[in-house]
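Hello,

Here is the structure I promised to pass on to you. Please open it alongside this email, and I will walk you through what turned up.

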Amino acid sequence: LPSPSGLTHESHKKDVEQVYLRCSEGAIEWMYPTGALIVNLRPNTSPASYKHLTVCIKPFKNSAGANIYLEKTGELKLLVRDGDRSPSKVYCFGYEQGGLFVEATPQQDISRKITGFQYELMNKGIASDLHTVSAPCRPCSDTEVLLAVCTSDFVIRGSIQDVTNTAEEQESTIHVGVNKLYRQKSKVFQLMGENGNWRGQIKTLLECGVKPGDGDFLFTGRMHFGEARLGCAPRFKDFQRMYKEAKDKGLNPCEIGPD
């Protein structure tokens, strides 16, 4: 049946368009999908560095109308099935594993369908930090904490004001009161209210069982699809001990001034 837009899937079913993306992060939005899209990620870096890259995609909440495949030399591997409602789910793969092939599914009415997703290209080491399969909730070692202080997108001293859990997304949101801001790449932590208190939110896995508690922590982590994701978060007094011991031995990887 014709859709209100006057298009039918059948008349366009063989159309295949190529899209070339040069940015390291962004989004694709495909309105009224028919046929297929080949998405070529071509970042403005040396091709020699491609093998060190991980690609992550995060479908829009209401994305519909197409399947998303990983394609290499004509072979397709289904990544996201049309209609899969997995809020906040992120799909990652090595850059060398192939490109993205987005194929519209047959629709009686395509006028209300929009397929879309965010994408990020990152170094494999950073990606493994975000998606630690073996033990995502385990405490960090002293060495890992000190390295996280040097390499994280945000480093703050703060307290847990509240924690809200979202079972549907299997995530917890930590509402943090900031006592000292050492670094942030994005303005996730901002001055709030008349008192000028710094506040922000950090996401982590529900299974980690984070709860509100007394005392200060050193929160570190990465920005991922516009959200702060928790990395290492020792109690602040433990971080001070680690930092002092490393500094006394000349082993601290970077200066931060933990007082």
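**A hairpin to start with**

Gln 170 sits in the hairpin of E10 and E11, where four residues lie between the strands, and takes a positive phi near 55 degrees. Please keep in mind as you read on that this is a predicted model.

The two strands of that hairpin are antiparallel and pair over twelve bridges. E10 also pairs with strand E14 (residues 217–224), again in the antiparallel sense, through five bridges. Arg 157 is a good residue to click on here: its place is opposite Lys 180 in E11, and it also stands opposite Leu 218 in E14.

**Two open sheets**

What is the strand order in the open sheet of five strands? The order is E1-E3-E8-E5-E6, and the pairing is mixed. The edges are taken by strand E1 (16–21) and strand E6 (75–80); each has a single partner strand, so one side of each has no neighbour in the sheet. On average, neighbouring strands of this sheet are turned by 30 degrees against each other, direction ignored. If you would like to look at one pairing here, try E1 with strand E3 (residues 36–41): the two run parallel and are joined by six bridges. Leu 21 has Leu 41 in E3 as its bridge partner.

There is also an open sheet of four strands, with antiparallel pairing and the order E2-E9-E4-E7. Here E2 and strand E7 (91–94) are the edge strands, and since each has a single partner strand, one side of each is left without a neighbour in the sheet. From one strand to the next, the twist averages 20 degrees. E2 meets strand E9 (residues 114–123) in an antiparallel pairing of seven bridges, and within it Trp 30 has Thr 115 in E9 as its bridge partner.

**Around Ala 66 and Met 31**

Trp 30 and Thr 115 come up again around Ala 66. Leaving aside neighbours within four places in sequence, Ala 66 is in contact with both of them, as well as with Asp 82, Val 102, Glu 103, Ala 104 and Thr 105. Ala 66 belongs to strand E5 (residues 66–72). Is Ala 66 buried or exposed? Its relative accessibility is 6%, so Ala 66 counts as buried. Val 102 is 36 residues away from Ala 66 in sequence, yet their C-alpha atoms are 6.4 Å apart in space.

For a view of the surface, turn to Met 31, which lies in strand E2 (residues 25–31). Together with Tyr 32 and Ile 114, Met 31 forms a nonpolar patch with about 240 Å² of accessible area. Met 31 itself has 42% relative accessibility and therefore counts as partly exposed.

**Salt bridges**

How many salt bridges does the structure hold? There are twelve. As background, side chains of opposite charge can pair when their charged atoms come close. Here are some to look at.

- Arg 241 and Asp 142 form a salt bridge, with their closest N and O atoms 3.5 Å apart. Arg 241 lies in helix H4 (residues 236–248) and Asp 142 in helix H3 (residues 142–151), so the pair ties together parts 99 residues apart in sequence. Arg 241 is partly exposed at 36% relative accessibility, and Asp 142 is partly exposed at 31%.
- Asp 153 and Lys 185 meet through their side chains in a salt bridge of 3.3 Å, N to O. This pair links distant parts of the chain, 32 residues apart: Asp 153 is in the loop between H3 and strand E10 (154–166), and Lys 185 is in the loop between strand E11 (171–184) and strand E12 (190–192). Asp 153 counts as buried at 9% relative accessibility, whereas Lys 185 is exposed, with a relative accessible area of 64%.
- Asp 248 and Lys 244 form a salt bridge whose closest N and O atoms are 2.9 Å apart. The two are four residues apart in helix H4, so about one helical turn separates them. Both Asp 248 and Lys 244 are exposed.
- Glu 171, Lys 203, Glu 227 and Arg 229 are joined into one network by salt bridges that share partners.

Enjoy exploring, and best wishes!

Definitions and conventions
Residues numbered from 1 in each chain as written. Predicted model: local features only at pLDDT ≥ 70, side-chain atom pairs only at ≥ 80, totals over all residues. Heavy atoms only, no water. Pairing = 2+ DSSP bridges. Axes fitted to C-alpha atoms, helices over the stretch in contact; angles between N-to-C directions. Salt bridge = Lys/Arg side-chain N within 4 Å of Asp/Glu carboxyl O. Buried < 20%, exposed > 50% of the residue type's maximum accessible area, 1.4 Å probe, protein only. Patch = residues over 30% accessible without salt bridge, like charges linked within 9 Å, V, L, I, M, F, W, Y side chains within 5 Å. Areas by Shrake-Rupley, 256 points an atom, 1.4 Å probe, with all protein chains shown as cover. Contact = heavy atoms within 4.5 Å.
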